[in-house]
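Student: I'd like to learn how to read aromatic contacts in a model. Can you walk me through them?

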Amino acid sequence: MEKLTIGKMAKINHISEQTLRLYDKLDLIKPDEINAENGYRYYSIRQCARLDMIQYMKSLGMKLIDIKKLLDQNDISLFKSILERKSNQIDLQIKEMLYQKRALQRTIESYERYEKSPPDGSIVMEFISKRQMYCIDAGINFYEYGIEVYEEMLRKLKNKLISDSLPQIYFCNAGTIMRKSELEKRRLYSSEVFVFVDEEFVDKSLITYIPANTYACIYCDSFNKEKEYLLRILDTIEQKKFIITGDYICEVIADLPVFEKQERGMYIKLQIPVKFSEES
């Protein structure tokens, strides 16, 4: 049989000489013969079978250390076990990539909504489709405090997201809820924070569904204006004799990558579900 130089062995197998030297160093595939006088490496054509198997295992995403272990032990069941583990890793990577893609889509949608939103202080009527939210009660009325307490409430939300094994893509654009009973009394009380989520990525038992409805909305470019704007929209509802049909939602349309005084930059949409009375 013709002896194959390292160059020819590399060429007929479409790999580099450097790769063959690495495989030699790792004892994955050794030259069939080494010339004692000049140190030249020579391979046999029969060794291509082992090289094919090494390259095939590499194409499956296996590490060279695992490939060597398999070839050394010559154990088919071990090979199957490693392949199953690798398959599970790929499934997890695919899932994580889907989460990342959805996160990018949500962020792009968020900034598109911000760009196309009415100016600060605008009151509009909007029909909003059914939504899904993940919500917790942080146990404190943030209206009695400032932005610092709101940030503390968000830490509790984040901790709960993690404990419920939810993708961290959802920890953005967090909002607050005020229940209808408090809203109708004009009592500014809200201890619940939420994020909107997707049904395909979150267990249904963790989801609160918000039905489709017509909302009286006002847009707001500052956290510190919310109280004033909420009262303004309540005045409008009263003047137009609308009927409040559900809970107040303060939705952050976009968390802006702009920080003034080291505070979170937000563009907010205040929403109250209403229906038209016979008098309106």
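Tutor: Sure. This is a predicted model, and a search of the whole structure turns up 9 aromatic pairs.

Student: How are the rings of Y99 and F201 arranged, and why does the pair get that label?

Tutor: Look at the angle between the planes: over 60 degrees counts as edge-to-face. The planes of Y99 and F201 stand at 90°, with the ring centres 5.1 Å apart, so this pair is edge-to-face.

Student: Which parts of the chain does the pair link?

Tutor: Distant ones: Y99 belongs to helix α5 (residues 76–116), while F201 is in the loop between β7 (192–196) and β8 (208–210), 102 residues apart.

Student: Is Y99 buried or exposed?

Tutor: The cut-off for buried is under 20% relative accessible area. Y99 comes in at 16%, so Y99 counts as buried. F201, at 22%, is partly exposed.

Student: What about F142 and Y150: what kind of pair do they form?

Tutor: A tilted one, with 50° between the planes and 6.0 Å from centre to centre. F142 is buried at 2% relative accessible area, and Y150 is buried too, at 3%.

Student: Which residues form one aromatic cluster?

Tutor: F142 and Y150 are joined there by Y143 and F223.

Student: And charges over rings: where does the charged end of R232 sit?

Tutor: For an Arg, check where CZ lies relative to the ring centre and the ring normal. The charged end of R232 sits over the ring of Y229, 4.5 Å from its centre. Another case is R131, which lies over the face of Y215 at 5.2 Å from the ring centre.

Note on methods:
Residues numbered from 1 in each chain as written. Predicted model: local features only at pLDDT ≥ 70, side-chain atom pairs only at ≥ 80, totals over all residues. Heavy atoms only, no water. Phe/Tyr/Trp six-rings, centres within 6.5 Å; stacked < 30°, edge-to-face > 60°. Helix = DSSP H or I, 4+ residues; strand = E, 2+ residues; numbered from the N terminus. Buried < 20%, exposed > 50% of the residue type's maximum accessible area, 1.4 Å probe, protein only. Lys NZ or Arg CZ within 6 Å of the ring centre and 35° of its normal.
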